[in-house]
Amino acid sequence: MLRVLLLILSVICTSATTHARPCTIHVALTGSDSSGDGSASKPYASPSRAQAASRTAPAAHSPCTIRLSEGTYRMAEALSLTAADDGTTWQASPPGARVVLSGGMLLPRGATVTDQDVLDQLPSADARRDV
């Protein structure tokens with residue numbers, strides 16, 4: 001009887017773990033937040049869209065891994081991590097790829113910074129002269 005009970009528990013536990021599929025969401029500069037689905041073949045374009053998708057993933061699929069392809073992702077606003085992101089893993093894809101999340105403004109080539117408050121934040125006179 002004990003063997004039968006152990007066998008039933010083993011089947012239940014194995015069944016529960018084999019049906020859970022990992023949640024992997026892909027992001028690439030060539031992706032699309034409107035027509036992408038987060039798959040490797042149809043990635044999202046922005047980390048914020050991937051974050052939203054991970055937050056709405058079914059419990060059986062979470063926590064999620066968000067894989068960011070190499071590149072600089074220009075962010076219009078900060079990516080805010082909260083308790084809703086608990087367990088979510090962010091990875092460069094492939095491992096070792098250079099991924100930058102940038103909230104800075106891209107200045108046109110040859111632009112000169114004249115705002116003294118900005119210049120005062122730079123660490124040296126050389127840096128202030130070069131911007």
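This is a guided tour of a predicted model, moving from the whole chain to single residues.

**The whole chain**

Begin with the full chain coloured by confidence, where the mean pLDDT is 82 and 84% of the residues reach 70 or more. The chain has 4 helices and 5 strands, and from the N terminus on these elements follow one another as α-β-α-β-β-β-β-α-α. Of the 131 residues in the chain, 23% are buried. Among contacts with a separation of 6 or more, 57% join residues that are 24 or more positions apart.

**The N-terminal stretch**

Next select residues 1-19, over which pLDDT stays under 50 and for which the model has 0 contacts beyond four places in sequence. Helix α1 (residues 2-19) has the lowest confidence in the chain, at a mean of 42, whereas strand β2 (residues 64-69) has the highest, at 97. The placement of this first stretch should be read with those values in mind, and the tour now moves on to β2.

**The sheet**

Show strands β1, β2 and β4 together: they form an open sheet of 3 strands in the order β1-β2-β4, with parallel pairing. The edge strands are β1 and β4 (89-93), each of which pairs on one side only, and from one strand to the next the twist averages 25 degrees. Between β2 and β4 the parallel pairing extends over 5 bridges, and a useful place to look is arginine 67, which stands opposite glutamine 91 in β4.

Staying in the sheet, select threonine 65, which lies in strand β2. Is threonine 65 buried or exposed? Its relative accessibility is 17%, so threonine 65 counts as buried, the cut-off being under 20%. Leaving out residues up to four places away in sequence, threonine 65 touches Cys23, Thr24 and Ile25, and also Thr89 and Gln91.

**The disulfide**

Now display the side chains of cysteine 23 and cysteine 64, which form a disulfide with their sulfur atoms 2.0 Å apart. Cysteine 23 lies in strand β1 (residues 23-27) and cysteine 64 in strand β2, so the bond ties together parts that are 41 residues apart in sequence. The torsion about the S-S bond is about 85 degrees, and the disulfide is therefore right-handed. Both cysteine 23 and cysteine 64 are buried, and the count of disulfides comes to 1.

**The nonpolar core**

From the two cysteines, extend the selection to the largest nonpolar core, which has 12 residues in all, including Cys23, Ile25, Val27, Cys64, Ile66 and Leu68. Further members to add are Tyr44, Ala50, Ala53, Ala57, Tyr73 and Met75. Which elements give two or more residues to this core? They are β1, α2 and β2. One member worth centring is methionine 75, which, not counting residues up to four places away in sequence, touches Pro47, Leu101, Ser102 and Gly103.

**Glutamine 51**

Finish in helix α2 (residues 47-55), where glutamine 51 lies. With a relative accessible area of 7%, glutamine 51 is buried. Setting aside its neighbours within four places in sequence, the residues in contact with glutamine 51 are Ile66, Leu79, Ser80, Leu81, Asp85 and Trp90. Of these contacts, Ile66 is also a member of the largest nonpolar core, so that a view showing both selections brings the last two stops of the tour together.

Terms used
Residues numbered from 1 in each chain as written. Predicted model: local features only at pLDDT ≥ 70, side-chain atom pairs only at ≥ 80, totals over all residues. Heavy atoms only, no water. pLDDT = per-residue confidence, 0-100. Contact = heavy atoms within 4.5 Å. Disulfide = S-S within 2.5 Å. Buried < 20%, exposed > 50% of the residue type's maximum accessible area, 1.4 Å probe, protein only. Pairing = 2+ DSSP bridges. Axes fitted to C-alpha atoms, helices over the stretch in contact; angles between N-to-C directions. Core = buried A, V, L, I, M, F, W, Y, C linked by side-chain atoms within 4.5 Å.
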